[in-house]
Amino acid sequence: MKKLLIILFGLMVYATAYAQNDSTTVVDEILPDSTTLTQRAHAGPKTTPVDVDDNKPRVIMHYYDKHGNPLNEPVMFLASLDTVTKVKSKPVYPTYNGVNVGLNFGDLIFMAFGQKHASFDVWANVSLWNWLFPTLECGLGYINDTPDKMNYTYKSGPSMYAKIGFNYNFLYKSNPAYQFFVGFRAGFSNFKYDVTDIRINSEYWEESQNLSLTGLKSTCWYGEVLAPAGQDSESLLAGMVSEMALQVQRVKRPPEPADIRARLRLNLTVCGKRVGHLDDTGSEKAGTHRRRIAAEVTRLQGYDQPLDPVS
Amino acid sequence: MRKLLYGISATVACGLWASSCSDSCSDNQNALPLAGFYDSGGPAELVTIDSLEVIGVDTPSDSALSPASESKNQVSLPFRIDSDTTRYVFIDRHEGSGLRDTVTFIYTRTPHLVNKECGVSYIFDIRSITSQGIFIDSVTCPNGFINNANTQNLNIYFDVMSAPV
């Protein structure tokens, strides 16, 4: 029995010694150098090397959104909503958008600078969708002019005229304070006029006559186009008679209180022309016509708060 | 929408074009009769007349309206403006011939405001035209009136056999 215990103890010792010898061999095979376990215990923590793929794309994490606000947790992708929608051509304003009333007295300024004719009128239009503006104008015209190098003086007292038409606003979806429009008018006038200081000469016969034609009447229908124009157009249409009209405009819009606007309008009139025939009785035949193209630039002044579209 | 914009643009362009054509007077600023010369027996073509002198009757200076040294197939014949009758003498100066034909125009005058650019001029409504002489066969005014239009409005028909062609 005693021998048996000695043998078992000897086997255990041997087994222990064998086990220690075997673990040392494994470590030696893993580590490239031949340091001992004691020495490696003082070298630092045990590390496990891994393979690194340099071609693998790097993952960028986003910690803030596109507006700079921090996210609750980092994300790999920032999604953005597609906010582009098809533009609608329909007007954004309601059908009835207010009434504009104006007074045109700008020719007073030009008469002060020598202009020989003037027209003063009141006008009103209705804003439909801020797109179409049916317009009615009524006023008085006056002229007392002797054209340069011509042989007559043309006079007309205050004469009534009326125009009806509409404006087409290209910026119908924008703020009503800013308009870029083309206008069309049909005008009518029935007036009396005198042609005086007529001088007709005949050089060959050395004769001269001075005449006057008074109490002439005319009925006039004419068309008018108001077109926006910039500085280039103004120079292109050189020689045209220009008119400037200062207008005070009262605008009423149902959802908002009335406000007062001051509008500066520049009219460029091209070749205002009257053609008529004098018959034996001294009256002018119907058929007088007038062609007129006016270019209009509109600026708004004194308008601090733009009107928001009515939703 | 696009068609409307095209229409507006076309209207504005036409208006500008039409208006740009009326800045100046393209016709005469006075009614000036212009007579063309024709062969009374030939085709309706202008013929050139040599050595023909044209003088107004009772002109203050007795100056020739058109000298004989110029060959011509047209001549302007201004009418008197303080009388309703105008007379012209056509003198054949060919080889010292000195033949004279007299043409008399009788008309009425009406002042006429043509337009702003052309001003006021007369309209001459022709009442009668007579000619006396040998080489002028007849004188006509096809329209019956003469205004400031810059066109030929009188025809003078010459007897070519007698005229200094």
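# A tour of chains A and B

Start by colouring chain B by confidence. In this predicted model, the lowest stretch of chain B is helix α1 (residues 2-20), with a mean pLDDT of 57, while β9(B) is the highest, at 96. Where pLDDT is low, the predicted coordinates should not be read in detail. Chain B as a whole has a mean pLDDT of 85, and 83% of its residues reach 70 or more. For the complete model, the scores are ipTM 0.83 and pTM 0.56.

**Stop 1: the open sheet of chain B**

Switch to cartoon view and keep chain B on screen. Which strands make up the open sheet, and in what order? Reading across, you pass β3, β2, β5, β6, β7 and β9, a set of 6 strands with antiparallel pairing. Now pick out β3 (64-66) and β9 (145-146) of chain B: each has a single partner strand, so one side of each has no neighbour in the sheet, and these two are the edges. Strands of a sheet pair through backbone hydrogen bonds, either parallel or antiparallel.

Next, select residues 85-92 and 99-115 of chain B, which are β5 and β6. The two run antiparallel and are joined by 8 bridges. To see one spot across that pairing, show B:Tyr88, which stands opposite B:Val103 in β6(B).

**Stop 2: B:Val103**

Stay on B:Val103, in strand β6 of chain B. Is this residue buried or exposed? B:Val103 is buried, with a relative accessible area of 0%. Ask your viewer for its surroundings, leaving out residues up to four places away in sequence, and you'll find that B:Val103 touches B:Thr86, B:Arg87, B:Tyr88, B:Phe90, B:Ile129, B:Thr130, B:Ser131, B:Ile136 and B:Val139. Try a distance from B:Val103 to B:Phe90 too: C-alpha to C-alpha it comes to 7.9 Å, with the two 13 residues apart in sequence.

**Stop 3: strand β1 of chain B**

Now select residues 34-39 of chain B, which form strand β1. Of its 6 residues, 5 are buried, so this strand is largely enclosed by the rest of the structure. Look at both of these partners in turn:

- β4 (residues 74-76) of chain B runs antiparallel to β1(B), with 3 bridges joining them. Here B:Gly36 stands opposite B:Gln74.
- β10 (residues 154-158) of chain B runs parallel to β1(B), with 5 bridges joining them. Here B:Phe37 stands opposite B:Ile156.

**Stop 4: over to chain A**

Bring chain A into view. It has 4 helices and 11 strands, and 35% of its 311 residues count as buried. Its accessible surface is about 20400 Å², with 60% of that belonging to carbon and sulfur atoms.

For some strand pairing, select β5 (residues 132-145) and β6 (residues 153-169) of chain A, an antiparallel pair with 13 bridges. One place to zoom in is A:Leu132, whose bridge partner in β6(A) is A:Tyr168. Then add β7 (residues 181-202) of chain A, which runs antiparallel to β6(A) and is joined to it by 12 bridges. A:Tyr161 is a handy marker there, standing opposite A:Ser189 in β7(A).

Before moving on, show the surface and highlight A:Val59, A:Met61, A:Tyr63, A:Tyr64, A:Met76 and A:Phe77. Together they make a nonpolar surface patch of about 680 Å². Among them, A:Tyr64 lies in strand β1 (residues 62-64) of chain A.

**Stop 5: charged pairs**

Side chains of opposite charge can pair when their charged atoms come close. How many salt bridges turn up over all chains? The search finds 7.

Show A:Lys163 and A:Glu224 as sticks: they form a salt bridge, with the closest N and O atoms 3.2 Å apart. A:Lys163 sits in β6 of chain A and A:Glu224 in β8 (residues 207-227), so the pair ties together parts that are 61 residues apart in sequence. Both count as buried, A:Lys163 at 5% relative accessibility and A:Glu224 at 4%.

Now select A:Glu207 and B:Arg80, whose closest N and O atoms are 3.0 Å apart in another salt bridge. A:Glu207 belongs to strand β8 of chain A and B:Arg80 to the loop between β4 and β5 of chain B, so this pair joins two chains. A:Glu207 counts as buried, at 8% relative accessibility.

B:Arg80 also forms a salt bridge with B:Asp82, with 3.9 Å between the closest N and O atoms. B:Asp82 is partly exposed, at 42%. For a last selection, take A:Glu137, A:Lys163, A:Arg185 and A:Glu224, which salt bridges with shared partners join into one network.

How values were computed
Residues numbered from 1 in each chain as written. Chains lettered and ligands numbered in written order. Predicted model: local features only at pLDDT ≥ 70, side-chain atom pairs only at ≥ 80, totals over all residues. Heavy atoms only, no water. Pairing = 2+ DSSP bridges. pLDDT = per-residue confidence, 0-100. Patch = residues over 30% accessible without salt bridge, like charges linked within 9 Å, V, L, I, M, F, W, Y side chains within 5 Å. Areas by Shrake-Rupley, 256 points an atom, 1.4 Å probe, with all protein chains shown as cover. Salt bridge = Lys/Arg side-chain N within 4 Å of Asp/Glu carboxyl O. Buried < 20%, exposed > 50% of the residue type's maximum accessible area, 1.4 Å probe, protein only. Contact = heavy atoms within 4.5 Å.
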